[in-house]
Amino acid sequence: MAQFLLETVWLVPLYALIGGLLAVPWSPGIIRKTGPRPAGYVNLVMTFLAFVHSAIALQATWNHPPQEVFIHWLSTAGLDLTIAVELSSISVGALVVISGLNLLAQIYAIGYMEMDWGWGRFYSLLGLFEAGLCALALCNNLFFSYVILEVLTLGTYLLVGLWFSQPLVVTGARDAFLTKRVGDLFLLIGVLGLWPLAGTWDYNELAVWAKTAEVDPTVISLVGLALIAGPMGKCAQFPLHLWLDEAMEGPVPSTILRNSVVVASGAWVLIKLQPVLTLSPLVSTVMVAIGAVTAIGASLIAIAQIDVKRCQSYSVSAYMGLVFIAVGTQQDDAALLLVLTHALSAALLVMSTGGVIWNSISQDVTQLGGLWSRRPISGLAFIIGTLGLIGFPPLGSFWALMKLADGLWETQPWLVGIVIAVNALTAVSLAREFGLIFGGKPKQMSERSPEVHWPMVLPMVILFGFVLHLPLVLQSLSLLPDWANLNKDVALLLIWSSIFGCSVGGVIYLGNIPKPVRLPWKGLQDLLAYDFYTPKLYRLTIIFSVAQLAKFADMVDRFVVDGIVNFVGLFSLLGGEGLKYSTSGQTQTYAFTVLLGVGLLGAWVTWPYWGVQFLELMF
């Protein structure tokens, strides 16, 4: 049974796709009598089947070599587009995580969107997202990975714009779509540029080719930089990080997936391409630099935000920056472990704060407070999500950060400092959020804010338990690093940075220090609060340039293109009107006109010959 499910695990993306298609009739209201709720239940059943299928198949892959299934699609003119599907413990495990988190997000959405009539559209798009992510996890071909990423970009636009009657939602969906398109465009250039060099898009064949490849350093550097531009956009790395903040205008249940596994889609492609990217030291250096800048910058920005969604979105960017550092330093195992532990903890944090947003009607942390006594389950979930995200033993992220820092200790110790700093800053940020939301006294927006109902509590508690037991799961699968072989100094630095960050945040935001807290230098506070003025920089450079280019194109279109067309039309109109009054009805007049025209045409055609003869006679 398990072997059969393994051989057919490539069908798992179809479960979610079928569920999304079955929900379509409720979206435009073709089915009205039942209301929109059956659309959610249909998707829930199909996602549950996908989870069970992939979970059973995972057992059959363990301690077995990866298998590859080829689906021939198109072969013409020397171009072979074959869909390669990899069946390995990593890819099938990714299916379990994706389908499991989507199952919990869909249960959560039943409570969160209880009174919303957009169920059909929302669940259809969730099905599209799950299908795309599962297909990406299985796909072993760069070209088709790019196609899937494009589908996910479209899905992001549609899902963020679910409540399209709100202007901010429309703006957020548009900005998120356009920002990701910048990275996708460069990724397409890199995908097409890699084909003449390697002659393949299969990840396994690319890894084999990269071992003995002899290519021009400039060419492979340009191709590599283009290839990392796509993951930069997907993982919300500087300067393509603004889309994740804009995407927070969408419903919270979709944010559960976006903050956990959608942002990791770029990291997945990046890890697969790691053998190719290491061919250029410049590309590896750029990846590390981008990851370091984003990790430190986003951690600092998160501390200065008052919107709880923005706080969490910048923490996501920071941890994806650590993934970029891991891939840039050839630590793929640490990168995969970071992606897994971050996904579970980030999803739990979104569930905890999403319930607060749902019945407090505010996501401004300065308007909340005193919710610990009223919402103990949400508060405990936030604490466990925080401890699971930072380097706090024995929870998951401690081992992921430990594996990354331990691998950097001997070769690039300055990067260990960045990992420690990001861990401490994230601890400060999350402790600040907890203090402002759950600590202190109730305020106007939180005085009547009871615990959410069971459809939102149930997935939160399930994920709560899984985050706590993740180390045991990893240990049973032999995925935890051996404690005896780890650097104890690095472990102590991580632990003390977590304690320091949580202590600083707790003393400031759970103590009697007056709030809001102001930095001594207002310029620094504004710099962090306004995202290092990146949006303003975008408006002054890219947006201004595109606007001016659009105005110039409009002027050329109206005054040059339209002007020529209008001139020809006006000339024809005036010529026709003039000819209308010159007609006499006499045959000899028409014949004379025709002969005159033919004569003039002949004179014009033969001018180079008789003109020269005439000039010779004259001079």
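Is G172 buried or exposed? In this predicted model, G172 has a relative accessible area of 0%. Because buried residues are those under 20% relative accessible area, G172 is classed as buried. The residue lies in helix α7, which spans residues 167-198. Two contacts of G172 are found once residues up to four places away in sequence are set aside, namely V160 and E246. With E246, the chain separation is 74 residues, yet the C-alpha atoms of G172 and E246 are 4.6 Å apart.

A second glycine, G250, belongs to a loop rather than a helix: the loop joins α10 (242-246) and α11 (252-262). G250 also counts as buried, its relative accessibility being 1%. Apart from neighbours within four places in sequence, G250 is in contact with L159, V160, W163, T255 and K309. For one of these residues, L159, the separation from G250 is 91 residues in sequence and 6.5 Å in space, taken from C-alpha to C-alpha. V160 is thus listed among the contacts of G172 and among those of G250.

The surface of the model was also examined. A nonpolar patch of about 940 Å² is formed there by M555, F559, V560, V561, I564, V565, F567, V568 and F571. One member of this patch, F567, is part of helix α23, which covers residues 534-582. The relative accessible area of F567 is 57%. Since exposed residues are those over 50%, F567 is classed as exposed, whereas G172 and G250 are buried.

Methods: Residues numbered from 1 in each chain as written. Predicted model: local features only at pLDDT ≥ 70, side-chain atom pairs only at ≥ 80, totals over all residues. Heavy atoms only, no water. Helix = DSSP H or I, 4+ residues; strand = E, 2+ residues; numbered from the N terminus. Buried < 20%, exposed > 50% of the residue type's maximum accessible area, 1.4 Å probe, protein only. Contact = heavy atoms within 4.5 Å. Patch = residues over 30% accessible without salt bridge, like charges linked within 9 Å, V, L, I, M, F, W, Y side chains within 5 Å. Areas by Shrake-Rupley, 256 points an atom, 1.4 Å probe, with all protein chains shown as cover. Salt bridge = Lys/Arg side-chain N within 4 Å of Asp/Glu carboxyl O.
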